[in-house]
Amino acid sequence: MRQTGPLPHDEAAPLNPYLTFSVAACLAILILLAGTAMLLRKHQNRRAGSIRDLLDLADRLEIDLKTCRSGLQQAHAVMSLNPDLPAASEKDARHAVDAGLRALLQQRLWIRDRSPAASQHELDETASSMREARDRLQPLLKALAQAQTELNSAMREQIRRDSDH
C-alpha cells in the first residue's frame, strides 16, 4: 500500500537541477528588470525636473526683463520732465530689452519644441545659459533701482527748489 502524505525525509526526491536553475534565472531577470525600471524612472524624473527648471528660469528671466523695461520707462519719464538731467537713449534701452525678450521667446519655443527630444546635456546647457543671462542682468537691475532712487531724490530736490522761488 502506498502512502498518500508527505514522503519521509530519506525518500524525498532531490530537486531537479533544471528547476533550480530556472527559478534562479527568473529571479535574476526580475532583479535586472526592477533595476532597469528604477534607473529609467530616475532618468525620467531628472528630465522632467530639468524641463521644469528651464520653464521656471524662463519665467524669472522674463520678470527680470520686464522689471528692467519698467524701470527704464520710469527713469526716462522722469528725465524727460527735467531738462537739467542728461538724456539717455531711451530708444536704445528699449531695443536692448526687447531683444532680450525676443531671445527669451526663442528659448521658450526651443523648450516647447525641442526639449522632449533633447539630451540631458542640451537641457543642462540651456539652463546654464539662462542662469548666466539672469546673473548678468542682476547688477543692471540693481544699478537701475539705484539710479531710480537718485532720480527721484533729484526730482524732489528740484521741486523743493522750484517751490522756494
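A residue counts as partly exposed when its relative accessible area falls between the limits for buried, under 20%, and exposed, over 50%. Arg108, with a relative accessible area of 24%, is therefore partly exposed. This residue is a good place to enter the structure, which is a predicted model.

The overall architecture is easy to follow. The protein contains three helices and zero strands, and its elements run α-α-α from the N terminus on. Helix H1 covers residues 17-81, helix H2 covers residues 90-114, and helix H3 covers residues 120-164. Of the 165 residues in the protein, 23% are buried. Among contacts with a separation of 6 or more, 81% join residues that are 24 or more positions apart. The protein exposes about 12400 Å² in total, and carbon and sulfur atoms supply 60% of that area.

Helix H2 offers a simple check of geometry. With 25 residues at 1.5 Å a residue, this helix should span 36 Å, and the expected value agrees with the 35 Å that separates its end C-alpha atoms. The buried residues of H2 are Ala93, Val97, Leu101, Leu104, Trp110 and Ile111. One of them, Trp110, reappears below as a neighbour of Thr126 in helix H3.

We turn next to charged side chains. Side chains of opposite charge can pair when their charged atoms come close. In this model the count comes to eleven salt bridges. Arg108, the residue introduced at the start, takes part in one of them, meeting the side chain of Glu62 with an N to O distance of 2.9 Å. This pair links distant parts of the chain, since Glu62 lies in helix H1 and Arg108 in helix H2, 46 residues apart. Glu62 also meets Lys66 in a salt bridge, here at 3.0 Å from N to O. Lys66 and Glu62 both belong to helix H1 and sit four residues apart, about one turn of the helix. Glu62 has a relative accessibility of 24% and so counts as partly exposed, and Lys66 is likewise partly exposed, with a relative accessible area of 39%. Together with Asp59, the residues Glu62, Lys66 and Arg108 are linked in a network of salt bridges.

Helix H3 has a salt bridge of its own. Glu157 pairs with Arg161, and the closest N and O atoms of the two are 4.0 Å apart. Both residues lie in helix H3, four residues apart, about one turn of the helix. Glu157 is partly exposed at 32% relative accessibility, and Arg161 is partly exposed with a relative accessible area of 41%.

Several buried residues of helix H3 show how this helix meets other parts of the chain. Gln120 lies in helix H3 and has a relative accessibility of 12%; this value is under the 20% limit, so Gln120 counts as buried. Leaving aside residues up to four places away in sequence, Gln120 touches Arg46, Arg47 and Ser50. Thr126, also placed in helix H3, is buried with a relative accessible area of 10%. A polar atom of the Thr126 side chain lies 2.9 Å from the backbone oxygen of Glu122. Not counting residues up to four places away in sequence, Thr126 touches Leu54, Gln107 and Trp110.

Ala127 is the next residue to consider in helix H3. Its relative accessibility is 7%, and Ala127 therefore counts as buried. With residues up to four places away in sequence again left out, Ala127 touches Leu54 and Leu57. Leu54 is also touched by Thr126. The C-alpha atoms of Ala127 and Ser50 are separated by 7.9 Å, although the two residues are 77 residues apart along the chain. Ser50 is also one of the residues touched by Gln120.

The surface, finally, carries a nonpolar patch. Leu19, Val23, Leu27, Ile29, Leu30 and Leu33 form this patch, with about 590 Å² of accessible area together. Ile29, one of its members, has its place in helix H1.

Technical notes:
Residues numbered from 1 in each chain as written. Predicted model: local features only at pLDDT ≥ 70, side-chain atom pairs only at ≥ 80, totals over all residues. Heavy atoms only, no water. Helix = DSSP H or I, 4+ residues; strand = E, 2+ residues; numbered from the N terminus. Expected span 1.5 Å × (residues − 1). Buried < 20%, exposed > 50% of the residue type's maximum accessible area, 1.4 Å probe, protein only. Patch = residues over 30% accessible without salt bridge, like charges linked within 9 Å, V, L, I, M, F, W, Y side chains within 5 Å. Areas by Shrake-Rupley, 256 points an atom, 1.4 Å probe, with all protein chains shown as cover. Polar contact = N/O pair within 3.5 Å; in protein donor to acceptor, adjacent residues only side chain to side chain. Contact = heavy atoms within 4.5 Å.
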